[in-house]
Each structure stands twice: as C-alpha cells, then as structure tokens.
Amino acid sequence: MEYWHRREGGLYLDATAGAGGHTEALLNLDPKARCIAVDRDESAIRIAKQNLERFGDRVTFVKDCFENMTNILR
C-alpha cells in the first residue's frame, strides 16, 4: 500500500481488481480516496461489488481489460 497510496484523497486504479482486496485495503487506509476497479471477468466484478458495497460511490466498477486503461480513465 505504501507504493500505491501516494496522496490523501486521490483517485486510484486497480487494473486487476479480482475480488477487490487491494481496493478494500486502499479505501480503508484513506477514507477520502476513490478507486476505479477494473476486471475482465464478470464474476469477479460481481464479487468485488458485494465485497466493496459499503464504500458506495467511492468505487467505480469497469468490466474491461487493463490493456484499455487509457480509454477507461477517459
């Protein structure tokens, strides 16, 4: 987390979100941070949404591949 979390209240990208573990750790660390959680697997996105529900609109879920990061961030 010390390498990923660079400033309080930042917007972060979890390009391989899986079940949302890293996103959860980041959002727990910084209550002002927001995260875009990306995964190409629909079932992973579904699980991450359940696991991260308590963070509300601090998480944006995107079903896509990390190779499309530039387009996702637009």
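# A walk through a predicted β-α-β-α-β-α chain

Welcome! What you have open is a predicted model, with an average pLDDT of 91 over the chain and 93% of the residues scoring at least 70. If your viewer can colour by pLDDT, try that to begin with. Among the elements of the chain, helix 2 has the highest mean, 97, and helix 3 (residues 69-73) has the lowest, 86. Keep one general caution in mind: where pLDDT is low, the predicted coordinates should not be read in detail.

**Stop 1: the whole chain**

Show the chain as a cartoon and follow the ribbon from the N terminus. You will meet 3 helices and 3 strands, in the order β-α-β-α-β-α. The radius of gyration is 11 Å, close to the 11 Å that the globule rule gives for 74 residues, so the chain is as compact as a globular protein of that length. Rotate the C-alpha trace and you will find that its principal axes span about 30 × 25 × 20 Å.

Now switch on the surface. The accessible area of the chain comes to about 4,900 Å², and carbon and sulfur atoms hold 47% of that. Of the 74 residues, 34% are buried. Considering contacts with a separation of 6 or more, 49% are between residues 24 or more positions apart.

**Stop 2: the sheet**

Hide the surface and select residues 11-14, 34-39 and 59-63. In which order do the strands of the open sheet lie? The order is 1-2-3, and the pairing is parallel. Strand 1 (11-14) and strand 3 (59-63) are the edge strands, each pairing on one side only. On average, neighbouring strands of this sheet are turned by 15° against each other, direction ignored.

Zoom in on strand 2 (residues 34-39). On one side, 5 bridges join strand 2 to strand 3; to see one place where they meet, pick C35, whose bridge partner in strand 3 is V59. Strand 2 also pairs with strand 1, in the parallel sense, over 4 bridges. Here you can pick L13, which stands opposite I36 of strand 2, and then D14, whose bridge partner in strand 2 is A37.

Is strand 2 mostly covered or uncovered? Strand 2 is mostly covered, with 5 of its 6 residues buried. Strand 1 has two faces to compare: Y12 and D14 make up the covered face, while L11 and L13 make up the uncovered one. Showing these four side chains as sticks is a good way to tell the faces apart.

**Stop 3: the helices on the sheet**

Keep the sheet in view and, coming back to the bridges between strand 2 and strand 3, add the helices beside them. Helix 1 (residues 21-29) packs on the sheet, where it touches strand 1, strand 2 and strand 3. The direction of helix 1 makes about 180° with that of strand 2. Next, add helix 2 (residues 42-51), which also packs on the sheet and touches strand 2 and strand 3. The direction of helix 2 makes about 165° with that of strand 3.

**Stop 4: three residues to click**

Start with G18, in the loop between strand 1 and helix 1. Its relative accessible area is 24%, so G18 counts as partly exposed: the partly exposed range lies between 20% and 50%. Which residues does G18 contact, leaving aside its neighbours within four places in sequence? They are D39, A44 and A48. You can also draw a distance from G18 to I45: the two are 27 residues apart along the chain, and their C-alpha atoms are separated by 6.9 Å.

Move on to Q50, which has its place in helix 2. Q50 counts as exposed because its relative accessibility is 56%, and the cut-off for exposed is over 50%. Select A19 as well: Q50 and A19 are 31 residues apart in sequence, and 8.8 Å apart in space from C-alpha to C-alpha.

Finish at N68, in the loop between strand 3 and helix 3. With a relative accessibility of 31%, N68 counts as partly exposed. Draw one last distance, from N68 to V38: these residues are 30 positions apart in sequence, and their C-alpha atoms are 9.8 Å apart in space.

Technical notes
Residues numbered from 1 in each chain as written. Predicted model: local features only at pLDDT ≥ 70, side-chain atom pairs only at ≥ 80, totals over all residues. Heavy atoms only, no water. Pairing = 2+ DSSP bridges. Axes fitted to C-alpha atoms, helices over the stretch in contact; angles between N-to-C directions. Contact = heavy atoms within 4.5 Å. pLDDT = per-residue confidence, 0-100. Rg over C-alpha atoms; globule rule 2.2 N^0.38 Å. Buried < 20%, exposed > 50% of the residue type's maximum accessible area, 1.4 Å probe, protein only. Areas by Shrake-Rupley, 256 points an atom, 1.4 Å probe, with all protein chains shown as cover.
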